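Good morning, colleagues. Please take a moment to look at the sequence and the structure on the screen before I begin.

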Amino acid sequence: MKWQDIILIILAILSLIIGFLYLFGNSPTLEEALLIFMLTLMVKIYHDSIINKSETKNIKIISIAKKLLKEI
């Protein structure tokens with residue numbers, strides 16, 4: 001498990017806790033609950049974009065290798 005996954009899990013759990021506290025305990029404000037939720041979404045989007053970039057690089061490398069093999 002990568003450190004990005006661990007941070008994402010921690011933020012998701014924190015977001016759920018703050019959300020439930022807002023709904024039932026009325027402890028944090030709405031802005032605090034939304035801020036933590038948005039932070040979790042931003043980390044998730046960043047993590048997904050890193051994965052997509054690495055997959056794109058692999059696809060490009062494979063297509064270049066196929067072209068080189070056809071020339072040989």
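I shall describe the chain as a whole, then its helices, the contacts between them, an aromatic pair and a surface patch.

Please bear in mind that this is a predicted model. The chain contains two helices and zero strands. Of its 72 residues, 14% count as buried. The area exposed by the chain is about 6200 Å², and carbon and sulfur atoms supply 73% of that area.

Let me take helix H1 to begin with. Helix H1 covers residues 3-25. Does its length agree or disagree with what 1.5 Å a residue predicts? The 23 residues should span 33 Å, and the end C-alpha atoms lie 31 Å apart, which agrees. The buried residues of this helix are Gln-4, Leu-8, Leu-11, Ser-15 and Ile-18. As a reminder, residues three or four places apart on an α-helix point the same way, because there are 3.6 residues a turn.

I now turn to helix H2, which comprises residues 30-71, and to its contacts with H1. Ile-36 is located in helix H2. Why does Ile-36 count as buried? Its relative accessibility is 18%, and the cut-off for buried is under 20%. Setting aside neighbours within four places in sequence, Ile-36 is in contact with Leu-11, Leu-14, Ser-15 and Ile-18. Three of these partners, namely Leu-11, Ser-15 and Ile-18, appear among the buried residues of H1. In addition, the C-alpha atoms of Ile-36 and Leu-16 are separated by 9.3 Å, although these residues are 20 apart along the chain.

Seen from the other side, Ser-15 belongs to helix H1 and is buried, with a relative accessible area of 11%. Which residues does Ser-15 touch, if those up to four places away in sequence are not counted? They are Ile-36, Phe-37 and Thr-40.

Two further residues of helix H2 deserve mention. Leu-39 lies in this helix and counts as partly exposed, at 41% relative accessibility. Leu-39 and Ala-12 are 27 residues apart in sequence, with a C-alpha to C-alpha distance of 9.3 Å. Met-42 also lies in H2, and with a relative accessible area of 55% it is exposed. Between Met-42 and Leu-8 there are 9.7 Å, C-alpha to C-alpha, for a separation of 34 residues in sequence.

Next, the aromatic side chains. How many aromatic pairs does the count give? It comes to one. The ring centres of Phe-20 and Phe-24 are 6.1 Å apart and the planes meet at 20 degrees, so the pair is stacked. For stacking, the planes must be under 30 degrees apart. Both residues lie in helix H1, four residues apart, which is about one turn of the helix. Phe-20 is partly exposed, with a relative accessible area of 47%, whereas Phe-24 is exposed, at 70%.

Finally, the surface. Which residues form the nonpolar patch there? Leu-35, Phe-37, Met-38, Leu-41 and Ile-45 do, and together they have about 510 Å² of accessible area. One of them, Ile-45, is placed in helix H2 and counts as exposed, at 59% relative accessibility. Another member, Phe-37, is also one of the residues touched by Ser-15.

To summarise, Ile-36 of H2 is in contact with Ser-15, Phe-20 and Phe-24 form a stacked pair, and a nonpolar patch on the surface includes Ile-45. Thank you for your attention.

Conventions
Residues are numbered from 1 along each chain as its sequence is written. This is a predicted model: local features need pLDDT of at least 70, side-chain atom pairs count only at pLDDT 80 or more; totals for chains, interfaces and linings use all residues. Side-chain values use heavy atoms; hydrogens and water are left out. Patches are made of residues with over 30% relative accessible area and no salt bridge: like charges are joined within 9 Å, nonpolar side chains (Val, Leu, Ile, Met, Phe, Trp, Tyr) within 5 Å. Accessible areas come from the Shrake-Rupley method with a 1.4 Å probe; for residues, only the protein chains shown count as cover. A salt bridge is a side-chain nitrogen of Lys or Arg within 4 Å of a carboxyl oxygen of Asp or Glu. Buried means under 20% relative accessible area, exposed over 50%, partly exposed in between (1.4 Å probe, protein chains only). Rings of Phe, Tyr and Trp (its six-membered ring) pair if their centres lie within 6.5 Å; planes under 30 degrees apart count as stacked, over 60 as edge-to-face and the rest as tilted. The expected span of a helix is 1.5 Å times one less than its number of residues. Contact means heavy atoms within 4.5 Å.
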